[in-house]
Amino acid sequence: MDGKNQTMVTEFLLLGLSGKSQQEEVLCGLFLGMYLVTIIGNLLIILAISCDPHLHTPMYFFLANLSTVDICISSVTIPKMLVNHIVGSKSISYRECMSQIYFFITFSNMDGFLLSVMAYDRYVAICCPLHYTLIMRPKLCVLLVAVSWLITNLHALLHTLLMTQLTFCSNNAVHHFFCDPYPILKLSCSDTFINDLMVFTVGGLIFMTPFTCIIVSYAFIFSNVLKLPSAQGIRKALSTCGSHLTVVSLFYGAILGVYMHPSSSYSVQDTVATVIFTVVTPLGNPFIYSLRNRDIKGALRKLILRS
């Protein structure tokens, strides 16, 4: 390998989704609008839950945490793209890129863990209603969220430290709007076997644990619901799960499409799928939970009237 190819990379170039300036202007405008709606929508849900004592329950405690994480995951990726577009630059420093990877992995995994905790909450509420308050105590709810934060931060730290051990040569062009781990791995001129192995082993475990919890929780929920004598009882029981299932389908559908294969096979279709769970899902969550939830709609009305 010649000297030019061994030049160490100190920054990466984020080429965006299309790589064409006119299309990027349209996409930046679209992403700005989506980002503002995401921030405002999720903040309204957090404020509505905080201000309404009737919503100080485990389900809404987890929903407020989910809204917080959705704000964070959008803020990790979109603002840097918008700033680069405004100043006419595509660069992101090596340290900024590694930091973005760390927080992206943390908040993405935290989304999955919160969705699994919410599934468990629905399981207890539907299958063990008489013991709900005894099981879902405030201390347990806080513990579940705290342990989730600890696991996701340690997992992100592992992958980020492994990423910093790689060598990046002259090619520093990333065909994405942020430092997604897979496109960055493809740019490395050193062996990424350990990184890919960790993605499939540790990453697979971190992915499958909450996903399995969701599947098992809903298996028990559906088996109990089908035993109800009336169709009205079935609809009432499932009405509390509809919003959650919609978000789970969006989030895990995109994750499965992007990260459950080697980094070397990362393609344009994967980039689109990444946009779904980094931009579309955080944007959709406030609408999904507020439009299909009378308690949230009532709390939002009170909040707007009070202001």
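**Exercise 1. Work out whether F168 is buried or exposed, then do the same for its ring partner.**

Step 1. F168 has 2% relative accessibility, so F168 counts as buried. The cut-offs are these: buried means under 20% relative accessible area, exposed over 50%, and partly exposed in between (1.4 Å probe, protein chains only).

Step 2. Keep in mind that this is a predicted model, where local features need pLDDT of at least 70, side-chain atom pairs count only at pLDDT 80 or more, and totals for chains, interfaces and linings use all residues. Residues are numbered from 1 along each chain as its sequence is written, and side-chain values use heavy atoms, with hydrogens and water left out.

Step 3. Now for the rings. Rings of Phe, Tyr and Trp (its six-membered ring) pair if their centres lie within 6.5 Å; planes under 30 degrees apart count as stacked, over 60 as edge-to-face and the rest as tilted. That rule gives 17 aromatic pairs. One of them joins Y94 to F168: the centres are 6.4 Å apart, the planes sit at 65 degrees, and the pair is edge-to-face.

Step 4. Place both partners. Y94 is in helix α3 (residues 94-127), while F168 is in the loop between α5 (138-164) and β3 (173-174), so to speak a link between distant parts of the chain, 74 residues apart. Helices (H or I, at least four residues) and strands (E, at least two) are DSSP runs, numbered from the N terminus.

Step 5. Y94 comes in at 21% relative accessibility and therefore counts as partly exposed.

**Exercise 2. Classify the ring pair of F251 and Y252.**

Step 1. The ring centres are 5.1 Å apart and the planes stand at 90 degrees, so this pair is edge-to-face.

Step 2. Check the burial of each partner. F251 is buried at 3% relative accessibility, and Y252 is buried with a relative accessible area of 3%.

Step 3. Ring pairs can also chain together: F31, F104, F177 and F178 are linked into a cluster this way.

**Exercise 3. Describe how α5 packs against α7.**

Step 1. Get the geometry. The axes of α5 and helix α7 (residues 193-200) are 10 Å apart, at an angle of about 170 degrees. Axes are lines fitted to C-alpha atoms, for helices over the stretch in contact, and angles run from 0 to 180 degrees between N-to-C directions.

Step 2. Name the arrangement. The two helices, α5 and α7, are therefore roughly antiparallel. For reference, angles under 35 degrees count as roughly parallel, over 145 as roughly antiparallel, 65 to 115 as roughly perpendicular and the rest as oblique.

Step 3. List who touches whom. From α5 come L158, H159, L162 and M163, and from α7 come I194, N195, M198 and V199. Contact means heavy atoms within 4.5 Å.

Step 4. Sort them by class: six are nonpolar, two are polar and none is charged. Here Ala, Val, Leu, Ile, Met, Phe, Trp, Tyr, Cys and Pro count as nonpolar, Asp, Glu, Lys and Arg as charged, and the others, Gly among them, as polar.

Step 5. Zoom in on H159 of α5. H159 is buried, with a relative accessible area of 11%. Beyond its neighbours within four places in sequence, H159 contacts I105, M198, V199 and G203.

**Exercise 4. Find which residues of α5 are buried and what covers them.**

Step 1. The buried residues of α5 are C141, V145, S148, T152, H155, A156, H159, T160 and M163.

Step 2. Think about helix geometry. An α-helix has 3.6 residues a turn, so residues three or four places apart point the same way.

Step 3. The cover over these buried residues includes α2, α3, α6 (181-187), α7 and α8 (202-225).

Step 4. Check the span. α5 has 27 residues and reaches 39 Å from its first C-alpha to its last, close to the expected 39 Å. The expected span is 1.5 Å times one less than the number of residues.

**Exercise 5. Trace what surrounds G16.**

Step 1. G16 sits in the loop between β1 (11-14) and α1 (21-51), and G16 is buried, with a relative accessible area of 9%.

Step 2. Leaving out neighbours within four places in sequence, G16 contacts E24, V174, H175, H176 and F177.

Step 3. Look along the chain, too. The C-alpha atoms of G16 and F178 are 7.7 Å apart, though 162 residues separate them in the chain.
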